[in-house]
Amino acid sequence: METVLAKTLQKRQVFFLVILLLLWDAGSEAIRYSMPEERESGSFVANLAKDLGLGVGQLATRGARIHYKGNKQLLQLDVKTGDLLLSEKLDREVLCGATDPCILHFQLLLENPVRFFQAELELTDINDHSPEFPEREMLLKIPEIVHPGAVFPLKTAQDLDIGNNTVQRYAISPNSHFHVVTHNRGDGRKFPELVLDKAVDREEQPELSLILTALDGGAPPRSGTTAVRIEVVDINDNAPEFLQSLYEVQIPENSPLNTLVAAVSARDLDAGTNGNVAYALFQGDEVTQPFVIDELTGEIRLKRALDFEETQKYNVEITATDGGGLSGKCTVAIEVEDVNDNAPELTMSTLASSIPENSPETVVAVFSVSDPDSGDNGRMVCSIQDDLPFLLKPTFKNFYTLVTEGPLDRESQAEYNITITVTDLGTPRRHTQHNLTVRVADVNDNAPAFSQPAYTLRVRENNSPALHIGTVRATDADAGANAQLTYSLLPPSDPHLPLASLVAINPDTGQLFALRALDYEALRAFDFQVRAADRGAPALSSQARVRVLVADANDHAPVVLYPPQNASAPCPELLPRAAEPGYLLAKVVAVDGDAGQNAWLSYRLLQATEPGLFGVGAHSGEVRTARPLSERDAPRQRLLLLVRDHGEPPLSASVALHVLLVDGFSQPYLPPPEAPGRAPGAGADEPLTVSLVGALACVSALLVGALLALGAGRLCRRGGAASAGGGSGPAEGGVAGQLLDVGGTGTLAHGYRYEVCLAGGSGTNEFKFLKPILPNLPPQGAFEDMEGNATFRNSFGFN
């Protein structure tokens with residue numbers, strides 16, 4: 001973007017003009033002070049606070065400062081008292097030269113808010129310089145034929161002071177031939193002329209020595225002198241005459257040395273040496289004159305570089321002197337043409353190194369621009385890059401403010417490199433660049449953000465305490481303390497969940513630790529909230545949900561429910577000798593407190609009295625006959641069965657199953673085998689023994705029948721209650737129900753339901769025990785304790 005201080009009208013100038021007029025109205029009237037030059041450093045100038053109607057405290061709080069062109073600190077402001085003081089001794093001749101009046105323009109800048117006051121300090125001249133002649137001695141050659149009243153020009157004295165303190169009159173030492181007349185030039189300077197009062201005679205006095213004195217108008221006056229040596233020469237009645245009394249030329253300031261500036265020409269009507277003309281600079285000061293003239297040709301050439309900014313015009317007086325001593329004079333007015341040889345200058349008055357984000361329009365810098373060139377060479381254009389959220393606004397004369405276009409976002413860009421370019425309109429154009437680095441200060445405007453809204457962590461049960469189970473991570477787009485995060489656990493929504501004793505979090509890293517060993521059978525999963533809060537003011541936070549899944553470990557061995565293991569005396573299974581192969585003798589019922597593969601049970605026959613007589617289902621646990629029974633089979637059989645899960649490592653349990661071979665269910669016991677070497681006479685008691693055994697068998701049969709009827713009744717009642725609750729009905733008219741829920745995986749080892757019934761068969765009176773009917777896999781549940789198992793056993797009449 002560009003802001004042009006030019007006459008070319010643009011739409012944006014209307015807006016800038018309004019701001020300029022408002023600021024001008026606030027401080028457009030300049031306050032002028034006056035004081036003599038050469039005052040000592042620290043001298044009191046004025047009290048700015050009083051003159052501007054400001055309180056003394058306002059100068060300090062509003063960041064008052066004095067700005068002067070070119071960063072020169074000629075003045076200093078005491079913000080505590082409001083006094084304006086000199087920073088150094090001021091020399092009017094150094095600062096202003098011959099310019100009168102000598103006015104130093106400066107500005108009082110208030111930064112917060114931005115306001116300017118224009119002020120001027122006029123330095124009045126004091127008579128601190130004496131007149132000085134360019135040469136210590138002047139030589140005049142005067143022909144003896146010259147008549148009284150003839151006028152001879154003399155070189156003027158220079159006085160750096162101005163006004164009445166500069167040269168006011170000239171005086172000549174007392175003599176009988178000459179007096180001095182003081183004349184005024186058009187520019188106000190005075191020059192002397194020597195007037196002949198009495199004719200000179202070479203034969204009487206060939207040479208005269210006089211003292212010329214220049215006096216200024218100071219109080220007391222100062223003076224300077226030079227010697228005037230007059231040589232009386234023979235008669236030469238024609239003086240040289242220039243073709244023009246005034247030559248006007250222009251020369252660019254960047255002209256190289258030895259450039260021809262002008263050529264003057266004069267003629268003399270005399271002959272011989274009296275007609276030979278020699279040219280010279282009348283004011284031959286080698287220091288002040290950047291020109292040289294060829295005494296034979298009259299060509300004026302450049303001997304020193306010109307600078308338009310120092311001197312814009314030279315008036316050079318040329319004399320043409322013939323061999324007889326007569327001379328003529330002309331003036332060459334040399335105007336120095338400005339070229340664009342100076343780049344613009346930028347003076348930074350105030351600069352903010354950092355600005356807070358999200359702030360509205362903020363002043364970043366206040367600066368002024370200047371160019372010592374003139375015309376278009378001194379007209380300037382200020383600009384910055386187009387892709388930056390900043391604007392340049394003209395405020396007061398050549399002052400600009402750099403402001404933000406709107407609120408900045410540090411997270412989008414934390415630093416801006418701004419290049420202020422000041423370009424003049426000369427040919428060729430010259431420019432100056434000033435680089436600024438503006439940092440955007442962070443504001444806590446971003447809440448922490450978790451890497452994911454929900455975390456799922458898995459930990460195996462029976463873990464060691466203080467186990468690292470996972471990490472939650474959050475990031476904050478802010479910086480510094482606004483981005484330093486602290487993690488914490490939020491109170492659980494379930495008041496019964498002892499979260500403080502289960503999990504802890506590292507407040508700095510977000511690492512989660514299990515405080516104690518977890519039990520899958522007691523707590524399979526739990527949820528909680530984690531909060532990440534930054535350390536800003538005010539602090540911002542966000543939350544994430546964490547779900548911990550407890551993985552099952554094979555930490556429970558199978559438990560055999562049937563045959564019961566805690567009975568005081570084993571209860572044998574009755575097997576009729578007429579049983580066919582595949583006859584269901586019994587069913588081993590076992591459960592495992594684990595879940596999944598750890599609860600999958602398999603059955604195996606370890607030992608048997610008669611190998612090959614029985615077999616067991618690997619997955620069902622049903623014990624069946626493998627072949628027909630024979631008379632040679634022992635009436636008492638003992639089977640050792642192994643129940644093993646599929647965990648890693650696998651756990652197992654064993655159970656013994658006692659079997660009695662009978663001819664029928666009416667014969668509960670077989671006669672014991674005869675003991676070898678039975679005593680004689682035992683056969684006499686055999687009828688009595690048989691009677692006693694028969695009576696005992698009848699009583700036992702009645703007792704077993706009563707117990708089975710009682711167990712069947714209880715199962716039927718449970719089955720009716722389960723059917724009323726929506727459960728599946730039993731098959732074959734038996735009593736079915738959900739007997740045991742093991743950790744959410746089903747009723748028994750493989751999640752089956754079993755029916756228990758007494759089915760009367762033709763011939764075998766088969767006892768069907770826990771036949772699987774329907775799978776039941778509820779998603780949730782808890783492993784019932786062994787009290788429930790006792791209820792289960794009691795329902796069947798087990799001891």
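## A salt bridge between neighbouring strands in the numbering

E317 and K329 are joined by a salt bridge in which the closest N and O atoms lie 4.0 Å apart. The pair links distant parts of the chain, with E317 in strand β23 and K329 in strand β24 (residues 327–337), 12 residues apart. The structure is a predicted model, and the values given here are to be read with that in mind.

The two partners differ in their exposure class: E317 has a relative accessible area of 12% and is therefore buried, whereas K329, with a relative accessible area of 40%, is partly exposed. K329 also lies over the face of F282, at 5.1 Å from the ring centre.

## The chain as a whole

The chain contains 7 helices and 53 strands, and buried residues make up 42% of its 799 residues. Of the contacts with a separation of 6 or more, 67% are between residues 24 or more positions apart. The accessible surface comes to about 40,900 Å², and carbon and sulfur atoms account for 53% of that area.

## Other salt bridges

Across the whole structure, a search finds 20 salt bridges. One of them joins R379 to D376, with the closest N and O atoms 2.8 Å apart; R379 counts as partly exposed at 26% relative accessibility, and D376 counts as partly exposed at 41%.

In another, the side chains of R410 and E411 meet at 3.3 Å, N to O. Here R410, at 13% relative accessibility, falls under the 20% limit and so counts as buried, while E411, at 24%, counts as partly exposed. Elsewhere, E137, E207, R229 and E231 are joined into one network by salt bridges that share partners.

## Aromatic pairs

The same kind of search over the whole structure finds 11 aromatic pairs. In the pair formed by F116 and F396, the ring centres are 5.6 Å apart and the planes meet at 10°, so the arrangement is stacked. This pair links distant parts of the chain, since F116 belongs to strand β8 (residues 114–124) and F396 to the loop between β29 (390–394) and β30 (399–404), 280 residues apart. F116 counts as buried at 2% relative accessibility, and F396 is buried as well, with a relative accessible area of 1%.

A second pair, F291 and Y314, is edge-to-face, with 5.3 Å from centre to centre and 90° between the planes. F291 lies in strand β21 (residues 291–293) and Y314 in strand β23 (residues 313–321), 23 residues apart, and both residues are buried. Returning to the stacked pair, F116 and F396 form one aromatic cluster together with F399.

Conventions
Residues are numbered from 1 along each chain as its sequence is written. This is a predicted model: local features need pLDDT of at least 70, side-chain atom pairs count only at pLDDT 80 or more; totals for chains, interfaces and linings use all residues. Side-chain values use heavy atoms; hydrogens and water are left out. Helices (H or I, at least four residues) and strands (E, at least two) are DSSP runs, numbered from the N terminus. Buried means under 20% relative accessible area, exposed over 50%, partly exposed in between (1.4 Å probe, protein chains only). Contact means heavy atoms within 4.5 Å. Accessible areas come from the Shrake-Rupley method with a 1.4 Å probe; for residues, only the protein chains shown count as cover. Rings of Phe, Tyr and Trp (its six-membered ring) pair if their centres lie within 6.5 Å; planes under 30 degrees apart count as stacked, over 60 as edge-to-face and the rest as tilted. A charge sits over a ring if NZ of Lys or CZ of Arg is within 6 Å of the ring centre and within 35 degrees of the ring normal.
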